[in-house]
Amino acid sequence: MRAVCSGTGTRVAGRRPSLLSRAAGRAAVIASVWLALLAPPHAFGTEHSRVALVFEHAGASLAELAPIYAMHEPFGLGIFPHMRYSAEIARTAAAHGLTPILHLPLEPVHAGDLGPVTGTVWVRMTDAEIARVVEGDLDSVPGVVGVSNHAGSLATADRRVMTAVLEVLRARGLWFLENPETAESVDVETARRLGVPTVTTTTYLDIPPDHIADKVRGLIALAERQGWAVAGAHISTGAPDVVQRMLPEFRRAGITFVPVTEFLTR
């Protein structure tokens, strides 16, 4: 997921008028992925519906993480590489019961979707250059157990690029979380060919970053219907505060939060 970073925090790039027009297109991609996705085998036969929720764009601020830490739930935490607090957040995430994930910047079709992040994989890079960038990004967030894509509508459609990225993950024993950016994405197919476990985000709570409470209720309804869901949100849109406020609604619906690793498939 993409953001613009400034000062002590991040703001979702979807707030920019030039990007809002693309939100509907991305929503269509997400919907198509969801329709094609089969529920993981272990999602069936469980007493409670299960939701994995990943908050992304961590690294620029510690204060924004307070509501996430306060919920004491096994959320995923996507951490940008090479930011002021990236290493500290990665090292301490597990102590808060969170799953630390490198939020890897990948080249998008529209360059503005990236925001001012560093450690980006560009499609013009050679395989060796891509490997060096990914290795450096991983080293900047010690202790992560998986990798998710930040933006990447161009890179995730390039089989050579994604092969170079995913070979680094395979060598380090990491898994890949796909945030759908384009219907032409080859990342999951490539990961499975290489034997890298994958999981795909099926719904977002703040794209675009408005009516978040309604989107949270939609997530609850989705989890009730199918018994599971993998959701994503950003740390600086107010989504963590909304989720914290609505925890009683999740509990009344019999929904349990689980680590995103419970939905990994090969």
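This passage walks through the fold, the cores and the charged pairs of a predicted model.

Local features were taken at pLDDT of at least 70 and side-chain atom pairs at pLDDT 80 or more, while totals for chains, interfaces and linings use all residues. Numbering runs from 1 along each chain as its sequence is written, and side-chain values use heavy atoms, with hydrogens and water left out.

The mean pLDDT (the predictor's confidence in each residue, from 0 to 100) comes to 88, with 82% of residues at 70 or more. Residues 2–21 sit below 50, although the model gives this stretch 59 contacts (heavy atoms within 4.5 Å) beyond near neighbours in sequence. Residues 31–46 also stay under 50, with 19 contacts beyond four places in sequence. Where pLDDT is low, predicted coordinates shouldn't be read in detail.

The chain holds 9 helices and 11 strands (DSSP runs, H or I of at least four residues and E of at least two, numbered from the N terminus). Of its 266 residues, 57% are buried (under 20% relative accessible area; exposed is over 50% and partly exposed in between, with a 1.4 Å probe and protein chains only). Among contacts with a separation of 6 or more, 74% join residues 24 or more positions apart.

As for the interior, the largest nonpolar core (buried Ala, Val, Leu, Ile, Met, Phe, Trp, Tyr and Cys residues joined through side-chain atoms within 4.5 Å) counts 62 residues, and Phe 55, Leu 77 and Val 243 have the most contacts inside it. A second, separate core has 11 residues, including Val 54, Ile 101, Trp 175 and Trp 228. Leaving aside neighbours within four places in sequence, Leu 77 contacts Val 54 and Ile 101, among others.

Salt bridges (a side-chain nitrogen of Lys or Arg within 4 Å of a carboxyl oxygen of Asp or Glu) number 9 across the whole structure. Arg 217, partly exposed at 41% relative accessibility, pairs with Asp 214 at 3.8 Å, N to O. Those two are about one helical turn apart, because they lie 3 residues from each other in helix α7 (residues 212–226). Arg 217 also meets Glu 249 at 3.4 Å, N to O, a pair that links distant parts of the chain, 32 residues apart, with Glu 249 in helix α9 (residues 247–252). Elsewhere, Glu 135, Asp 139 and Arg 172 form a salt-bridge network.

Asp 137, in helix α4 (residues 127–139), is buried yet has no salt bridge, and the nearest side chain of opposite charge, Arg 172, is 10 Å away (Lys and Arg count as positive, Asp and Glu as negative; His and the chain ends aren't counted). Beyond four places in sequence, Asp 137 touches residues including Pro 81, His 82 and Gly 119.
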